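Me: I'm new to this structure and would like a close look at how its parts pack together. Could you pick out some contacts, and explain each term as you go?

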Amino acid sequence: MLTVRALRTQQADGIDIYSFFVPGADLLRIAEISRIHRNSDGSLHGFQRKQIRNHVRSIVEFLDQGAVLFPNAIILAISPQAVFTQSRGSKPEGDVGASQSGTLRVPIPEDGSKAAWIVDGQQRSIALAEAKNKSFPVPVVAFVSEELAVHREQFILVNKARPLPPRLINELLPEVEVALPRDLAPRRIPSAIVNLLATAPDSPFRGLVSRVSDENADAVIVDTALIKMVRNSISSPLGVLAPYKASSSQDADCAAMVRLLNAFWGAVAEVFPEAWGKRPTQSRLMHSAGIEAMGFLMDRVMARAPGNGDMRRHAQEALFRIAPYCCWTSGRWPDIDRDWNDIQNVGRDIRLLSDQLARLDHAHSMAKVA
């Protein structure tokens with residue numbers, strides 16, 4: 001028997017709903033995960049999808065960081081075998097009467113069966129069972145029903161909500177200082193850097209970056225393109241921004257990354273003035289494919305920059321050598337058999353354009369040496 005303090009209310013013409021807290025590790029003691037499957041006769045059972053191991057591991061890592069907030073409620077369907085006993089005594093002055101407080105007793109049968117079913121939160125429930133802190137208190141909302149059709153209905157309604165747009169999350173991440181789950185943490189530094197590129201007075205991208213929070217009609221570069229370009233350089237061992245990422249002995253050096261990005265992209269704006277600041281339909285340099293491909297070129301070119309030299313001049317010299325062969329606003333790229341406006345934001349086109357730029361840089365930087 002699991003005994004908890006709870007609040008009770010009713011919806012849908014008399015269905016009891018309880019709200020309470022339980023230690024996270026106890027969730028799977030009282031609740032079953034009813035996974036979807038078909039029997040040999042083809043009949044459908046359950047409704048939950050399979051366990052997503054990486055997602056569970058990410059949640060466990062987040063929980064094991066220590067003092068974290070985890071306020072999202074697990075939703076259960078609970079058997080009428082659970083017994084609620086309302087507390088005695090007078091109600092507090094001003095009570096709106098939306099719920100009653102009391103004690104909820106949930107049976108834990110000895111035969112291993114369960115008196116509740118997880119409707120929403122199976123990955124979180126598994127993670128809570130695997131986390132170091134087995135007593136971490138978790139909010140639960142449970143409605144009384146043993147009908148599988150009702151469980152499925154609520155499962156669909158809860159999960160049909162649209163996820164937040166990635167661009168909105170990207171823009172919010174730099175403003176969040178608490179520890180983040182593993183899947184979000186690597187996105188914070190690129191988002192913070194792009195925020196600086198979009199707003200700093202000395203940035204070549206100032207006023208050109210389209211973000212969820214802006215309604216700037218002159219913005220021509222979608223923020224996700226810049227974030228991806230920065231993330232590629234940080235995450236690649238050969239990326240020119242990689243030496244400045246966080247490690248066990250140092251924090252990420254965002255200022256150094258921004259200086260390098262400003263130097264290279266400032267040179268890009270100067271060497272290709274006819275293509276800079278135009279809409280992607282007029283210039284593939286401002287297109288997501290162009291931004292990503294030029295990011296790979298940045299890694300090549302800036303890796304050769306002298307340690308204490310003028311990084312911007314170095315980038316200008318390298319870009320001027322290949323500029324006559326680039327086709328950002330017209331013409332046809334020499335080695336990839338594509339017109340300038342045939343380049344699309346798909347993996348194959350980005351690889352073709354990246355390889356083309358790398359070949360041009362290699363050929364003309366070698367010509368300079370010769």
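Reply: Here's a walk through one set of packed rings, then two helix pairs, with a few single residues at the end.

First, some ground rules. This is a predicted model, so to speak of a local feature takes pLDDT of at least 70 and side-chain atom pairs count only at pLDDT 80 or more, while totals for chains, interfaces and linings use all residues. Residues are numbered from 1 along each chain as its sequence is written, and side-chain values use heavy atoms, with hydrogens and water left out.

Let's start with the rings. A pair of aromatic rings is described by the distance of the centres and the angle of the planes. Here, rings of Phe, Tyr and Trp (for Trp, the six-membered ring) pair if their centres lie within 6.5 Å; planes under 30 degrees apart are stacked, over 60 edge-to-face, and the rest tilted. That rule gives 10 aromatic pairs. One of them joins Phe62 and Phe70, a tilted pair with 6.5 Å from centre to centre and 40 degrees between the planes. Phe70 also pairs with Phe136, and because their planes stand at 75 degrees, with the centres 6.3 Å apart, this pair is edge-to-face.

Where do Phe70 and Phe136 sit along the chain? Helices (H or I, at least four residues) and strands (E, at least two) are DSSP runs, numbered from the N terminus. Phe70 is in the loop between helix H2 (53-63) and strand S6 (74-78), and Phe136 is in the loop between helix H3 (122-130) and strand S10 (137-144), so the pair ties together parts that are 66 residues apart in sequence.

Are these rings buried or exposed? Buried means under 20% relative accessible area, exposed means over 50%, and partly exposed is in between (1.4 Å probe, protein chains only). Phe62 is buried at 11%, Phe70 is buried at 14%, and Phe136 is buried at 14% too. Elsewhere, Phe205, Phe264, Trp265 and Trp276 form one aromatic cluster.

Helix H3 is mostly covered as well, with seven of its nine residues buried. Those are Gln122, Gln123, Arg124, Ser125, Ile126, Ala127 and Leu128. They pack against helix H1 (27-30), H2, S6, strand S9 (116-120) and S10, where contact means heavy atoms within 4.5 Å.

Now for the helix pairs. Axes are lines fitted to C-alpha atoms, for helices over the stretch in contact, and angles run from 0 to 180 degrees between N-to-C directions. Helix H8 (residues 254-271) and helix H10 (residues 311-322) have axes that come within 8 Å and cross at roughly 40 degrees. Angles under 35 degrees count as roughly parallel, over 145 as roughly antiparallel, 65 to 115 as roughly perpendicular, and the rest as oblique. H8 and H10 are therefore oblique to each other.

The crossing of H8 with H10 is right-handed, a term for the near helix being turned clockwise from the far one by less than a right angle, with anticlockwise being left-handed. On the H8 side, the residues in contact include Arg259, Leu260, Ala263 and Phe264, and H10 contributes Met311, Ala315 and Leu319, among others. By class, there are 10 nonpolar, three polar and three charged residues in this contact. Ala, Val, Leu, Ile, Met, Phe, Trp, Tyr, Cys and Pro count as nonpolar, Asp, Glu, Lys and Arg as charged, and the others, Gly among them, as polar.

Met311, in helix H10, deserves its own glance. Apart from neighbours within four places in sequence, Met311 touches Arg259, Leu260, Ala263 and Met302. Its relative accessible area is 27%, so Met311 is partly exposed.

The second pair is helix H6 (residues 185-199) with helix H7 (residues 223-235), packed at about 125 degrees with their axes 9 Å apart. That makes H6 oblique to H7, and H6 passes H7 in a right-handed crossing. Among the residues that meet are Ile189 and Ile193 in H6 and Leu226 and Val230 in H7. The contact of H6 with H7 has eight nonpolar residues, one polar and three charged.

Last, two serines. Ser34 lies in the loop between strand S3 (31-32) and strand S4 (37-38) and is buried at 14%. Ser90 lies in the loop between strand S7 (83-86) and strand S8 (100-106) and is exposed at 74%.
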